[in-house]
Amino acid sequence: MPLAQLLASTLLLGGIYALIAVGLTLIFGVMRVVNFAHGEFLMLGMYLAFWAFSLLHADPYLTLVVSLPLFFVLGWVSYGAVMRPVVHTSHNVQVFTTVGLSIVLQNVALVLWTADARFLRTDYYAAAVRVAGAVFNWAQLVAFAVAVLLTAGLFAFMRWTYTGKVMRATAQDRQAAALMGIDTNRVYAITWAVGIVCVGAAGVLLAPIYPVYPTAGLQFVLIAYVSVVLGGLGDMAGALIAAVVVAAVEVIGSYVIGTAWKEVLYLLLFIGILVVRPAGLFGQRGAEALGS
Amino acid sequence: MRRGAPAVVFFVVAGLVPLFVRDAFLLDALVFILIWGASAAAWNVAGGYAGQVSLGHSAFFGVGAYAAALLATRWQVSPWLGLVVGALVATIVGLVIGYLSNRLRGPYFVLATIAFSQVLLIVGSRWRGFTAGSEGIPVPFRPGFWTLGIADKRVWVWIVLALAVIIYLVELYLEGSRRGYQLAAVREDEDAALSLGVPARALKVAAITVSAALTAVCGALWAQYVGFVDPFYVFSVDLSVRFALAAIIGGLGTALGPFLGSLLVTTLETYLRAQFGGIGAGLIGIYLIIYGVILILVVRFVPEGLTGWLATRVARRAATGAG
């Protein structure tokens, strides 16, 4: 495999990982909650695309447009029902609340749609473009482009809108933000919902590429955890770079030592980072959870 | 001694059941209640008493299960020795994990433990030459006590009961000893404990290590009882959650709590499996949905768990009765 192809694959994979990781890190940055149910929302996104395609013959990229408001509502509701009461409690309570949510969502999918792996096959599934000696899969290319667009949109939202500023203020110091008259509860709800929108969109984008089943979220969310910790929990720009790094490790690892062991590589990278520099490569955020 | 009375009742009743009950289904349920209770109690040593909440304990359980199964299939060694070897390997793994991750707190620690168990899952399912890979290992059944080839479920109840009592005693030690108090201090406020000269890091590593070894013993016995080791089950995050769940429902950092939690959860599971098992495998998920909802509700409304809730009830009644 030539260098160009490795680079291309890294970039395509990294773009999608980034979208998953950005939502996770946003939620952590503002709410100080690690969302262990993140992968299940990804899975729901995949199922949404699958059912829209097989029942309504809707193109997954059309579904995407519907999925954004849909997942915002889903996020808003799940925040109100499950997360709101535990935002100010201990880490353990939060961890097990999101774990419980993940178990529930996973098994709702299992009961409704069985454990069978399903495949969403568009007519352009195998279509590919060849640029500069590298082959770009069409579905991957579109997924990458949309993921980058959404991520850029999120960054712009955080940077330039009032709500984004309020979210960043809450992330920096929730008490000071509350004292400035910011309704932090509303900020948390929006943050959670926006994070869910990101991962739901990622799910829709991944559905045409990967098999869809109730536990499909796990493999991607593990990668997101790695990226998020690598970039510094809560650091959005860091997560973006880290997602590409993780994708590079995966792509180069699969090429050099084979696909069977590629997960071990990024898990070891993850453990290494946690042990050596748990604040991440770039950030200092979340340092209060680290002890010394 | 009054504090330990419910535990004595629990274990004595469990020990007497096989004398009166012959029904294989009920005995089977009891074996699982005790195995999952013992595993949750072993988890509790780290998660409850030391505050090292792990979602990677399936790593140790799996190591124990694999040690017993591999020694029995590859070298025809008695599973009792496999159990010891499993405990030793898990001790080493626990030392490594405990040492590497002991600076981490809260969600970071949870993530690190998940990562470790995932590494073992990949090793277990991909290292075909050694572990038989993703097909898993059927554990051979060789009749006899020394080979743990016991068809009589009553004997199994007593074997796992013995293990449960041993782990319960370890928990009791942590409730009444100097080390136990130090560990509680570390859990509640590590910096304060350190400033008083409590060797916080060493204690945390020790707690993880002991917890790991005990969990591995549970895994080894489980493998012998069930007769099949599947890497995707024994190293799964779901299994780790199961240990934590029973301990949390029963009461974090209480000696009997994990057993009560397991009694509740395992009974519910057995009942619902019997109800829905025949209709379609997908309906098994209903049990897990209930399980997730219980988890969310318990941590929100009764974070002190069943034992804590009962204790306050009893105390309140005693107080009103006296007044």
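# Two chains and a contact

Trainee: Which residues does B:Ile296 touch, if we skip those up to four places away in sequence?

Mentor: Remember that we're looking at a predicted model here. Leave out anything up to four places from B:Ile296 in sequence, and the residues it touches are A:Val82, A:Thr97, A:Gly100 and A:Leu101.

Trainee: Is B:Ile296 buried or exposed?

Mentor: First place the residue: B:Ile296 is part of helix H14 of chain B. A residue needs 20 or more other C-beta atoms within 10 Å to pass the cut-off. B:Ile296 has 22 such neighbours inside 10 Å, so it counts as buried.

Trainee: And how many Å separate the C-alpha atoms of B:Ile296 and B:Leu172?

Mentor: Along the chain, B:Ile296 and B:Leu172 are 124 residues apart. In space, their C-alpha atoms are separated by 28 Å.

Trainee: Zooming out, which element gives the largest share of the side of chain B that touches chain A?

Mentor: Start with the whole contact, which takes 39 residues from chain A and 35 residues from chain B. On the chain B side, the elements giving two or more residues are helix H4 (79–101), helix H5 (106–126), helix H12 (237–250) and helix H14 (284–301). With 12 residues, the largest share comes from H5(B).

Trainee: How many nonpolar residues does that side of chain B have?

Mentor: Split the side of chain B that touches chain A by class. Five residues are charged and six are polar. The nonpolar residues number 24.

Trainee: What about B:Gly308: which residues is it in contact with, leaving aside neighbours within four places?

Mentor: B:Gly308 sits in helix H15 (residues 305–322) of chain B. It has 17 other C-beta atoms within 10 Å, so it falls in the partly exposed class. B:Val12, 296 residues away in sequence, is 22 Å from B:Gly308, C-alpha to C-alpha. Setting aside the neighbours within four places, the contacts of B:Gly308 are B:Gly251 and B:Thr254.

Trainee: What is the radius of gyration of chain B?

Mentor: Chain B has 15 helices and two strands. The globule rule gives 20 Å for 323 residues, and chain B comes close to that, so it is as compact as a globular protein of that length. Its C-alpha atoms fill a box of roughly 60 × 45 × 40 Å along the principal axes. The radius of gyration of chain B is 20 Å.

Trainee: Now chain A: what is its radius of gyration?

Mentor: Chain A has 11 helices and two strands, in the order α-α-α-α-β-β-α-α-α-α-α-α-α along the sequence. For 292 residues the globule rule gives 19 Å, and chain A is close to it, so it is as compact as a globular protein of that length. The radius of gyration of chain A is 19 Å.

Trainee: What percentage of the residues in chain A are buried?

Mentor: For scale, the C-alpha atoms of chain A fill a box of roughly 55 × 45 × 35 Å along the principal axes. Among contacts in chain A between residues at least 6 apart in sequence, 79% join residues at least 24 apart. Of the 292 residues in chain A, the buried ones make up 52%.

Trainee: At which residue does H3(A) bend?

Mentor: Begin with the span: a straight helix of 24 residues would cover 34 Å at 1.5 Å a residue, but helix H3 (residues 60–83) of chain A spans only 30 Å between its end C-alpha atoms. There's a bend of about 40° in H3(A), with a proline, A:Pro69, following within four residues. The bend is at A:Val66.

Trainee: Which helices do the buried residues of H3(A) pack against?

Mentor: The buried residues of H3(A) include A:Leu64, A:Phe71, A:Gly75 and A:Tyr79. The buried residues of H3(A) pack against these helices of chain A: H2 (38–56), H4 (91–113), H5 (138–160) and H8 (184–206).

Trainee: Last one: which residue takes a positive phi in the hairpin of S1(A) and S2(A)?

Mentor: Strand S1 (residues 128–131) and strand S2 (residues 134–137) of chain A run antiparallel, joined by four bridges. One of the partners in S2(A) is A:Val135, bridged to A:Arg130. Two residues lie between the strands, and the one with a positive phi, near 50°, is A:Ala132.

Technical notes
Residues numbered from 1 in each chain as written. Chains lettered and ligands numbered in written order. Predicted model: local features only at pLDDT ≥ 70, side-chain atom pairs only at ≥ 80, totals over all residues. Contact = placed C-beta atoms within 7 Å. Nonpolar A, V, L, I, M, F, W, Y, C, P; charged D, E, K, R; others polar. Pairing = 2+ DSSP bridges. Expected span 1.5 Å × (residues − 1). Bend = angle between axes of the 7 residues up to and from the residue. Buried ≥ 20, exposed ≤ 12 C-beta atoms within 10 Å, placed from the backbone. Rg over C-alpha atoms; globule rule 2.2 N^0.38 Å.
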